[in-house]
Amino acid sequence: MEQQTLIAAKLYVRDLVDGQTVDSVFAVRERVRRQKKNGDAFVKLQLGDLSGTVEAVIWDEVDLLYERCPAGQVVRVIGTFSVDQRYGSSLTVRSLRPAEPGEYDPLTLEEGPAVPLEQMEASLRELMGMTQDPHLRELLERCFCEGSPIWERWRDAPAAKYYHQAYRHGLIEHCVSVAHGVHVLSTTFPSIDRDVAVAGALLHDIGKIEAYACEGGAIELSDAGKLQGEIALGYYLVRRLIEDIPGFPADTAQALLHIVLSHHGQLEHGSPVVPCTREATLVHMVDNLGGRLGSFDRIEKSLADGERWSGFDRALSGSAYFASREAA
């Protein structure tokens, strides 16, 4: 009974309104210390819960409050939420401290896939089981078999830092979804090598297990992610695994590695090469579609009850509309 009386009523990010006084618990997703033009320091935060994230700013007691809110920390925040036509929405923090365990329910803070992990894993095993090429099948087994160090990290990793599936188990959700789409479309286009395309879809983002560090709900780029990038890390990882498989055909290796290298689609988006094969083109298109649709899922979680339109979203370069939501 004592613990129940301590838990504060949770105010979700999606329910914040202009001018509202906020007193609630959030997880710190990101913390950055900056300077104003006059040299004074301030702190920008990304605070989040299962409904989304909100930008917050600390103007006063900067040194003290900065130490209280490292990325991954769960904090109790008091402040004022405002929406500016020019600068967007922000929470101005008046006070902040680490939250006590009895003050909040952890389930209100952590985002996650809509589909249970067990179901996603079963879908992965089904896709792997349909792979006829023995070398590709062995490669997938080495990556995703139970107990493999790669499997455990890939299963738990996020798919992104911000825009889609930016939570634990997000990477398996994204990659299995892309692989399913590639599998289905490969039956529509008979010139596609289904095994190469599906294997490429499952492996295209594998570099993210090295590029991202996810601790306490905060997703950060690792040193390797900043210095090399997830595509280079993924290419090296897959190539090293291929070289350990006796008799792996060189043309199959080249086709698969090309998918990993080109899946961002354009040089300006980080791919060192553009897609030059049917399979790489298909994986890129479905990957891009999966990311954009994942953004809709993220946006809808952040909308208050009755809202059908979102504000401008950078990932979509516009607003999102949800016709099925009830009008306020």
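User: What makes strand E3 (residues 52-58) count as mostly covered?

Analyst: In this predicted model, 5 of the 7 residues of E3 are buried, and a residue is called buried when its relative accessible area is under 20%.

User: How do you know that E2 and E3 pair, and in which sense do they run?

Analyst: Two strands pair if there are at least two bridges between them; E2 and E3 share 7 bridges, in the antiparallel sense, so the condition is satisfied. One of the facing pairs is Asp49 with Gly52 in E3, and the two strands form a hairpin with 2 residues between them.

User: Which sense holds for E3 and strand E5 (residues 88-98), and what shows that they pair?

Analyst: Here the sense is parallel, and the count is 3 bridges, which again satisfies the condition of at least two. Ala56, for instance, has Leu91 in E5 as its bridge partner.

User: What is known about the pairing partners of strand E1?

Analyst: Strand E1 (residues 21-35) pairs with strand E2 (residues 41-49) in the antiparallel sense over 8 bridges, and with strand E4 (residues 74-84), also in the antiparallel sense, over 7 bridges. On the E2 side, Arg34 stands opposite Phe42 and Gln35 has Ala41 as its bridge partner; on the E4 side, Val22 stands opposite Gly79. The hairpin of E1 and E2 has 5 residues between the strands, and there Gly39 takes a positive phi near 95°.

User: What arrangement do the 5 strands make together, and in which order?

Analyst: The 5 strands close into a barrel in the order E1-E2-E3-E5-E4, and the pairing is mixed. From one strand to the next, the twist averages 50°.

User: Why is Ser24 given the class it has, buried or exposed?

Analyst: Ser24, a residue of strand E1, has a relative accessible area of 1%, and the limit for buried is under 20%, so Ser24 is buried. Leaving aside its neighbours within four places in sequence, Ser24 is in contact with Ala9, Lys10, Leu11, Val75, Arg76 and Val77. With Leu11 there is also a short polar distance to report: the backbone nitrogen of Leu11 lies 3.0 Å from a polar atom of the Ser24 side chain.

User: What stands out about the phi of Glu61 and of His169?

Analyst: Most residues other than glycine have a negative phi. Glu61, which is not a glycine, has a positive phi near 50°, and His169, likewise not a glycine, has a positive phi of about 75°. Glu61 lies in the loop between E3 and helix H2 (62-68), while His169 is found in the loop between H5 and H6.

User: Which of these residues is buried and which is exposed, and how do you know?

Analyst: The relative accessible area of Glu61 is 51%, and exposed requires over 50%, so Glu61 counts as exposed. His169 stands at 12% relative accessibility, under the 20% limit, so His169 counts as buried.

User: What makes up the largest nonpolar core, and which residues touch the most other members?

Analyst: This core has 45 residues, and Leu139, Phe144 and Trp154 touch the most other members. Among the elements that give two or more residues to this core are helix H4 (134-144), helix H5 (149-156) and helix H12 (278-302). A second, separate core of 22 residues includes Val22, Phe26, Val28 and Phe81. Returning to Leu139, its contacts include Leu203, Val238, Ile242 and Leu256, not counting residues up to four places away in sequence.

User: Why is Ala320 assigned to its class, buried or exposed?

Analyst: Ala320, in the segment after H12, has a relative accessible area of 0%, which is under 20%, so Ala320 is buried. Not counting residues up to four places away in sequence, Ala320 touches Phe296, Ile299, Arg308, Trp309 and Ser310. Ala320 and Ser295 are 25 residues apart in sequence and 9.3 Å apart in space, C-alpha to C-alpha.

User: Where is confidence lowest and where is it highest in the chain?

Analyst: The mean is lowest in helix H1 (residues 2-6), at 45, and highest in helix H11 (residues 250-262), at 98. Over residues 1-5 the pLDDT is below 50, and beyond near neighbours in sequence this stretch has 2 contacts in the model. Where pLDDT is low, the predicted coordinates should not be read in detail. For the chain, the mean pLDDT is 88, and 95% of its residues reach 70 or more.

Conventions
Residues numbered from 1 in each chain as written. Predicted model: local features only at pLDDT ≥ 70, side-chain atom pairs only at ≥ 80, totals over all residues. Heavy atoms only, no water. Helix = DSSP H or I, 4+ residues; strand = E, 2+ residues; numbered from the N terminus. Axes fitted to C-alpha atoms, helices over the stretch in contact; angles between N-to-C directions. pLDDT = per-residue confidence, 0-100. Contact = heavy atoms within 4.5 Å. Buried < 20%, exposed > 50% of the residue type's maximum accessible area, 1.4 Å probe, protein only. Polar contact = N/O pair within 3.5 Å; in protein donor to acceptor, adjacent residues only side chain to side chain. Core = buried A, V, L, I, M, F, W, Y, C linked by side-chain atoms within 4.5 Å.
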